[in-house]
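Trainee: I should like to learn how to read a protein model by asking about its contacts one at a time. May we begin?

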Amino acid sequence: MAESAQSSSDTTIQLHGEEFWPLSGKPYFDIILAKTHVKPYYKLGIPAKLHPILPSCSFPTVLTFAGKSWEMTCDGSNKKHKGLDKESWKAFIDDNNLKAGDGCVFEVMECSSTKLVLRVQILRGDIPAELLEKEKGDEAEKPIIL
């Protein structure tokens, strides 16, 4: 059974050392990691819905998770594709033992012409089969029986 604790100073919840919190209302994007995001390709593009707030040049980017930070560069020079540098993204993936099927929520905490800071929540991919089937639409009309 998962242990949970809520801090009295904020609404962060910890489950097995992972951090979860309500989104603040700032821009965010979420992804389910696919093979292209992890070993061996290590690629992450920023979704087009965030492009209007991003600089149109390469800019420093920081990912924060569990009290740690990963500094990287986001290439914003291409109008259609803005992505994180492969080596730094690889370090984030490897340091957090991420794999295809894990989910990430990236919330913009700071965005200027000189820096982008994204706070990350990691959702491990241990999703029950019943929910995966519902997601695919296979079980859309049937209730989940526990």
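Trainee: How many salt bridges does the structure hold?

Mentor: Please keep in mind that this is a predicted model. Side chains of opposite charge can pair when their charged atoms come close. In this structure, the number of such salt bridges is four.

Trainee: With which residue does K90 form a salt bridge?

Mentor: The closest N and O atoms of the pair are 2.7 Å apart, which is within the 4 Å allowed for a salt bridge. K90 and its partner are four residues apart in helix α1 (residues 86-95), so about one helical turn separates them. K90 is partly exposed, at 29% relative accessibility. The partner, also partly exposed at 33% relative accessibility, is D94.

Trainee: Is D102, which meets K99 in a salt bridge, buried or exposed?

Mentor: The N to O distance between D102 and K99 is 3.4 Å. K99 has a relative accessible area of 42% and is partly exposed. For D102 the relative accessibility is 0%, and a residue under 20% counts as buried. D102 is therefore buried.

Trainee: Which strands are tied together by the salt bridge of R119 and E107?

Mentor: The closest N and O atoms of R119 and E107 are 3.1 Å apart. The pair ties together parts that are 12 residues apart in sequence, because R119 lies in residues 116-123 and E107 in residues 103-111. R119 is partly exposed at 24% relative accessibility, whereas E107 is buried at 1%. The strands are β10 for R119 and β9 for E107.

Trainee: Which residues are joined into one network by salt bridges that share partners?

Mentor: The pair of D102 and K99 has already been described as a salt bridge. Through shared partners, the network consists of K99, D102 and R124.

Trainee: What arc around the axis do the buried residues of α1 cover?

Mentor: The buried residues in α1 are S88, W89, F92 and I93. They lie on the same side of α1, because the arc that they cover is only 140 degrees.

Trainee: Which exposed residues does the face of α1 turned away from its buried side carry?

Mentor: The buried residues of α1 pack against β6 (58-65), β7 (68-75), β8 (82-84), β9 and β10. On the face turned away from that buried side, the exposed residues are E87 and D95.

Trainee: Which residue in the turn between β6 and β7 has a positive phi?

Mentor: β6 and β7 run antiparallel and are joined by eight bridges; within this pairing, F59 stands opposite C74 in β7. The two strands form a hairpin with two residues between them. The turn residue with a positive phi, of about 50 degrees, is A66.

Trainee: What is the bridge partner of L63 in β10?

Mentor: β6 and β10 run parallel, and four bridges join them. For L63 the bridge partner in β10 is L118.

Trainee: Which strand supplies the largest share of the largest nonpolar core?

Mentor: In soluble globular proteins, nonpolar side chains tend to be buried together. Here the largest nonpolar core has 27 residues, of which L63, W89, F92 and F106 touch the most other members. At least two residues each come from β4 (28-32), β6, β7, α1, β9 and β10. The largest share, four residues, comes from β10.

Definitions and conventions: Residues are numbered from 1 along each chain as its sequence is written. This is a predicted model: local features need pLDDT of at least 70, side-chain atom pairs count only at pLDDT 80 or more; totals for chains, interfaces and linings use all residues. Side-chain values use heavy atoms; hydrogens and water are left out. A salt bridge is a side-chain nitrogen of Lys or Arg within 4 Å of a carboxyl oxygen of Asp or Glu. Buried means under 20% relative accessible area, exposed over 50%, partly exposed in between (1.4 Å probe, protein chains only). The arc is that of the directions from the helix axis to the C-beta atoms. Contact means heavy atoms within 4.5 Å. Two strands pair if DSSP finds at least two bridges between them. A nonpolar core is a set of buried Ala, Val, Leu, Ile, Met, Phe, Trp, Tyr and Cys residues joined through side-chain atoms within 4.5 Å.
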